[in-house]
Structure formats: C-alpha cells, structure tokens
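Student: I would like to work through this structure with you, beginning with its core and ending with its charged pairs. Could we fix each term as we meet it?

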Amino acid sequence: AKLIRLHKVELISIGNGTGSRETEKLVADMLSDMPADGGPKPLKVIVSEAGASVYSASATAAAEFPGLDVSLRGAVSIARRLQDPLAELVKIEPKSIGVGQYQHDVDQYRLGRSLEAVVEDAVNAVGVDLNTASAPLLARVSGLGASLADAIVARRDATGPFASRKDLLKVPRLGPRAFEQSAGFLRIANGSEPLDASSVHPEAYGVAKKIVAACGRDVRSLMGDSAA
C-alpha cells in the first residue's frame, strides 16, 4: 500500500495464468484495507499473459531490460499490455499468443505468413506514433521493416522527436519509396503540420486543406472534432 501511494499507482495489471485468482484476492484485500481518505484507489485488471514468457526470454526483452531477471521482464510485459496492447504484442511471434487448438496441425509457414499479415494490417489500421513507437512496432508499418525501424529510432534518440513526417526523409536509407508507403500510417501529435496527426497521406495534404478551407474551417480546430 505504501508503494502504491508513493508511486501514485492508478492501475494494477494481473496476469491470468497460474495463481491469478489468488493474486487478485490478495490485491483486493490490500485495496480494501487502504484508508478511504488517502485518495483514489487503483483499479485492478486481469490481463492475458499469453506469450509473456516467450517475450521475457527473447532478444528484444534482453535489449530493453538487460539488467532485469526473466520473470521481471514478463511482469513488465503484462503491465504494458494494459497500457498499450498492440505496441506490446507486436514484440511476440503471433503463433506464440495462441490462435486455436489446431494451429499445429496446419502448414506452419502459411500460418506464420497469414498471422504476420493480420498483425501488419492491425498496426496500419490503428496507426503508429512516430515519436514514441518502439522499433518492433515501427517494423510492422508498411514500407519499413526491421532495418529502417532501427534507423528511425536511432535518429530519434540522436536528434530528438520528429517535427514533421517530412523529417523521415532525413533518416539514413529511408528513401522516397519507403516514405510513400509508410507516411500515411505514422502519426506526429502537436507537430508543425496538423495533418501529420491524421491518416491523411502527405500527397493529399493540398486537397484536404482545400476541402477544409471550402467549409470555412481551420485544420487545427477540425482535428479531433467528432461533430465535424
């Protein structure tokens, strides 16, 4: 309880594996014993831990948390799934998450290709924050891949956040073709160009701005307006 207050914990993620019900009861009892006048109590949530053990023993986890024990890496993964499920699950081979009891009875190569395509479709449909996304998440964006994703993260770490989508062209080995394929799926919040936070491709910015102007609106005021 002291740690919860000290770190201002708002959510407690509990894996749904062995002992999850006992852990949930322990957390519930602890929360009920906390004084009501001590501020809002955190919310506890049961989270699927499928594939967490695979991630914790992976090279990706070792690179992210070189000083942590394997079990602690798994705990971090379970917590992150509650914060941003897509960003965390892309670090795990789709087959390791479990897609049905007959997944081992079908052609593994074709299954892998199909699952990879589903993951890529999901990432591109949601979009990726260019200034916060990890390399594994960026690698799932159409037109990029692992090598360019690493290059993007390296430049971001070296020079700071991207101010606009056009800055992607300054990334080593990221040419016009890769930019054309990936730019529409990458988002930049509060950047120099408001449309960079949307799914509008840079090639269509001119048309989009003309439409907005014809409606007598400003692009920045229009962004996020659900009634528009």
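Tutor: Contact here means heavy atoms within 4.5 Å. The model is a predicted one, in which local features need pLDDT of at least 70 and side-chain atom pairs count only at pLDDT 80 or more, while totals for chains, interfaces and linings use all residues. Residues are numbered from 1 along each chain as its sequence is written, and side-chain values use heavy atoms, with hydrogens and water left out.

Student: Leaving aside neighbours within four places in sequence, with which residues is Leu168 in contact?

Tutor: Leu168 is one of the residues that touch the most other members of the largest nonpolar core, which has 26 residues. Such a core is a set of buried Ala, Val, Leu, Ile, Met, Phe, Trp, Tyr and Cys residues joined through side-chain atoms within 4.5 Å, where buried means under 20% relative accessible area, exposed over 50% and partly exposed in between (1.4 Å probe, protein chains only). Once neighbours within four places are set aside, the contacts of Leu168 are Leu130, Ile152, Phe162, Leu174, Phe179 and Leu186.

Student: Which element gives the most residues to the largest core?

Tutor: Helices and strands are DSSP runs numbered from the N terminus (helices H or I, at least four residues; strands E, at least two). Helices H8 (108–126), H9 (135–138), H10 (146–159) and H11 (176–182) each give two or more residues to this core. The most, five residues, come from H10.

Student: Which parts of the chain does the salt bridge between Glu116 and Arg140 link?

Tutor: A salt bridge is a side-chain nitrogen of Lys or Arg within 4 Å of a carboxyl oxygen of Asp or Glu, and the side chains of Glu116 and Arg140 meet in one at 2.1 Å, N to O. Glu116 is partly exposed at 32% relative accessibility, whereas Arg140 is buried at 14%. The partners lie 24 residues apart, and the parts linked are helix H8 and the loop between H9 and H10.

Student: In the salt bridge of Asp167 with Lys170, is Lys170 buried or exposed?

Tutor: The closest N and O atoms of Asp167 and Lys170 are 3.6 Å apart. Asp167 is buried, with a relative accessible area of 14%. For Lys170 the relative accessibility is 55%, so Lys170 counts as exposed.

Student: How many salt bridges does the structure hold?

Tutor: Besides those pairs, Glu24 and Lys44 meet in a salt bridge at 3.2 Å, N to O, and Glu64, Arg80, Glu88 and Lys91 are linked in a network. The number of salt bridges in the structure is ten.
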